[in-house]
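Work through these exercises with the structure open beside you. Try each task before you read its solution.

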Amino acid sequence: MNTILPLKKDVNSQGNFYVPPTKFKEWVDQVSFPNQLCFGSRRSFCTVSPHPSNKEEYLISEDLWKILGVPEEMSVHLFEKGNSLHIGPLVGIFTAGFTKDSMRPIGERSMYFAKLLSATSKCGAFGFAFGAHHIDWKTGSIKGLMYNKRGWYRVTVPIPDVVYDRLPNRSSASIEQVSITMEKLQSQYFTPWFNPGFFDKWTMFEKLREDSIVKPYLPETVLSPKSAIISRMLKDYEQIFIKPANGSLGLGIQQILKPADEKYYYCRFRTDKENRLRRYTSLARLLKTQYPNGMNGLIAQQGIDLHRINQRSMDYRVHTNKNKEGKWEVSAIAAKIAGAGSLTTHMASNGTVKTIGELTSEFGIKKQVETDLMEASLQLSRAIDKRVSGFIGEIGFDLGITKEGDIYLFEANSKPGRGIFAHPRLKAEEAKTRTLPMEYAIFLARSAIEKQLVIPV
């Protein structure tokens with residue numbers, strides 16, 4: 001029974017869980033009645049009964065409410081496994097960067113988390129934000145943060161049914177306490193944890209090169225390239241990009257250019273919030289000046305002659321998410337047009353965002369582009385899903401399209417930035433990219449419950 005129904009507290013009874021009459025009749029017909037009620041990692045014996053007022057809602061006796069640690073009344077799912085009933089589910093959103101500010105308890109990201117938690121409750125799940133330091137392993141409880149129309153408030157809840165990893169950066173993901181938390185929840189509580197960690201650019205390209213379906217989307221990419229390799233790539237492509245193997249947000253990217261009809265080498269980069277262009281008489285001098293510490297840990301990537309708008313290069317951000325059935329779907333597409341003199345299309349480098357509709361109406365871009373990008377993104381999502389361990393629920397792709405219509409993958413991000421959603425015409429897509437992870441969380445929770453062994457209290 002996956003209908004979302006209101007869950008309320010009953011102060012007039014003890015040990016009872018009341019359900020709609022139609023649900024109770026199913027158990028009567030089966031001559032089999034559940035006798036355990038579960039919320040997250042907590043469970044208690046209960047007596048199931050038909051709702052005293054024949055309403056389409058669930059009622060829990062106040063004593064069970066306290067034992068289970070249900071934080072508030074809201075609409076929920078009910079999952080059945082053997083003699084156990086599971087209400088919720090309880091979704092923990094794992095992050096870092098908490099503050100003591102009651103209005104902005106997660107700093108500048110507080111508004112995003114507030115919207116994410118609102119989406120969770122609309123999907124029929126309890127959602128809360130927490131960090132590694134909020135867990136009390138002795139009691140199996142977490143002091144987390146919930147959000148409703150009145151604002152933020154603290155709650156103590158059980159270990160959740162599923163965890164959505166929203167750590168802000170690689171440095172927070174590398175903290176030992178974080179990896180210990182992740183390992184404990186998965187090994188001791190069998191809690192599904194989705195979107196763990198961050199993708200490494202080089203590792204990702206190595207994995208995807210093994211897939212014949214998506215290999216055509218990959219530009220030539222070399223890790224820790226020698227100067228001879230860079231020289232050869234410049235002869236082949238006339239431009240290459242050098243970027244950190246584990247970078248993000250366009251930080252540290254430089255472009256090296258060697259037009260075939262020129263003797264000079266050029267390097268385009270960004271420093272102190274300014275776009276810079278330097279000319280060199282030799283590749284050796286360029287590499288020595290721009291990369292005094294060498295190329296170790298950097299990747300060289302084939303430069304693509306991208307389709308341009310008003311002489312400015314353009315690429316595309318595509319968000320894909322798994323839905324309530326655990327299937328991949330495209331949740332958002334937008335074009336990013338580079339700022340004047342910029343080597344990337346990132347917003348921080350004065351890039352601008354356009355919807356596909358705007359590209360069609362303003363610049364005559366064919367709608368077929370959208371179809372092609374969706375197909376490529378779904379193929380890439382499925383390929384990554386097969387080759388990366390753990391549960392993956394969302395990916396952000398940076399894709400480029402050449403003048404000939406060929407699609408290339410520049411980056412895949414496990415925790416994609418949300419800069420494109422500042423565009424006023426992408427509000428529906430922004431909401432979708434918050435709702436789908438919560439629907440997938442519910443799918444994971446239900447799947448985990450269905451696979452559980454029936455454990456006696």
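Leu 117 is buried, because its relative accessible area is 3%, under the 20% cut-off. Keep in mind that this is a predicted model.

**Exercise 1. Place Leu 117 in its surroundings.**

Task: Find the helix that holds Leu 117, then list the residues that Leu 117 touches, not counting residues up to four places away in sequence.

Solution.
Step 1. Look up the helix. Leu 117 sits in helix α3.
Step 2. List the contacts. Leaving out residues up to four places away in sequence, Leu 117 touches Ile 93, Gly 127, Phe 128, Ala 129, Leu 145, Met 146, Tyr 147 and Trp 152.
Step 3. Set sequence against space. Ile 135 is 18 residues from Leu 117 in sequence, and the two C-alpha atoms are 19 Å apart.

**Exercise 2. Describe how α3 packs on α11.**

Task: Is α3 oblique or roughly parallel to α11? Which residues meet?

Solution.
Step 1. Recall what to look for. Two packed helices are described by the angle between their axes and the distance between the axes.
Step 2. Read the geometry. Helix α3 (residues 110-122) packs against helix α11 (residues 427-451) at an angle of about 60 degrees, and their axes are 9 Å apart.
Step 3. Classify the angle. It makes α3 oblique to α11.
Step 4. Give the handedness. The crossing of α3 and α11 is right-handed.
Step 5. Name the residues. From α3 come Tyr 112, Lys 115, Leu 116, Ala 119 and Thr 120; they meet Glu 430, Arg 434, Thr 435 and Met 438 of α11.
Step 6. Sort them by class. The contact of α3 with α11 has 4 nonpolar, 2 polar and 3 charged residues.

**Exercise 3. Compare with α6 and α10.**

Task: Is α6 roughly perpendicular or roughly parallel to α10? How many residues of each class form the contact?

Solution.
Step 1. Read the geometry. α6 and helix α10 (residues 368-387) pack at an angle of about 100 degrees, with axes 10 Å apart.
Step 2. Classify. It makes α6 roughly perpendicular to α10.
Step 3. Name the residues. α6 gives Met 204, Lys 207 and Leu 208, while α10 gives Leu 380, Ala 383, Ile 384 and Arg 387.
Step 4. Sort them. The contact of α6 with α10 has 5 nonpolar, no polar and 2 charged residues.

**Exercise 4. Map the sheet of 8 strands.**

Task: What is the strand order in the open sheet of 8 strands? Which strands are at the edges?

Solution.
Step 1. Write the order. The strands run β4-β3-β8-β7-β1-β6-β2-β5, with mixed pairing.
Step 2. Find the edges. β4 (42-45) and β5 (47-50) each pair on one side only.
Step 3. Add the twist. It averages 30 degrees from one strand to the next.
Step 4. Take a parallel pair. Strand β1 (residues 5-10) is joined by 4 bridges to strand β6 (residues 58-61). Asp 10 has Ser 61 in β6 as its bridge partner.
Step 5. Place the helix. α11 packs on the sheet and touches β7 (74-81) and β8 (84-88), its direction making about 30 degrees with that of β7.
Step 6. Take an antiparallel pair. Strand β3 (residues 36-39) pairs with β4 over 4 bridges, in the antiparallel sense. Cys 38 stands opposite Arg 43 in β4.
Step 7. Inspect the hairpin. There are 2 residues between β3 and β4, and Gly 40 takes a positive phi near 60 degrees.

**Exercise 5. Map the sheet of 6 strands.**

Task: What is the strand order in the open sheet of 6 strands? Which strands does helix α7 touch?

Solution.
Step 1. Write the order. It is β16-β21-β17-β18-β19-β20, with antiparallel pairing.
Step 2. Find the edges. They are β16 (221-223) and β20 (274-280), and each pairs on one side only.
Step 3. Add the twist. The average is 20 degrees from one strand to the next.
Step 4. Check one pair. Strands β18 (residues 254-257) and β19 (residues 265-271) are antiparallel, with 3 bridges. Leu 257 stands opposite Tyr 266 in β19.
Step 5. Add the helices. Helix α6 (residues 201-208) packs on the sheet, touching β16, β17 (239-244) and β21 (298-302). Helix α7 (residues 227-237) also packs on the sheet and touches β16, β17, β18, β19 and β21.

Conventions: Residues numbered from 1 in each chain as written. Predicted model: local features only at pLDDT ≥ 70, side-chain atom pairs only at ≥ 80, totals over all residues. Heavy atoms only, no water. Axes fitted to C-alpha atoms, helices over the stretch in contact; angles between N-to-C directions. Parallel < 35°, antiparallel > 145°, perpendicular 65-115°, else oblique. Left-handed = near helix turned anticlockwise from the far one by under 90°. Contact = heavy atoms within 4.5 Å. Nonpolar A, V, L, I, M, F, W, Y, C, P; charged D, E, K, R; others polar. Pairing = 2+ DSSP bridges. Buried < 20%, exposed > 50% of the residue type's maximum accessible area, 1.4 Å probe, protein only.
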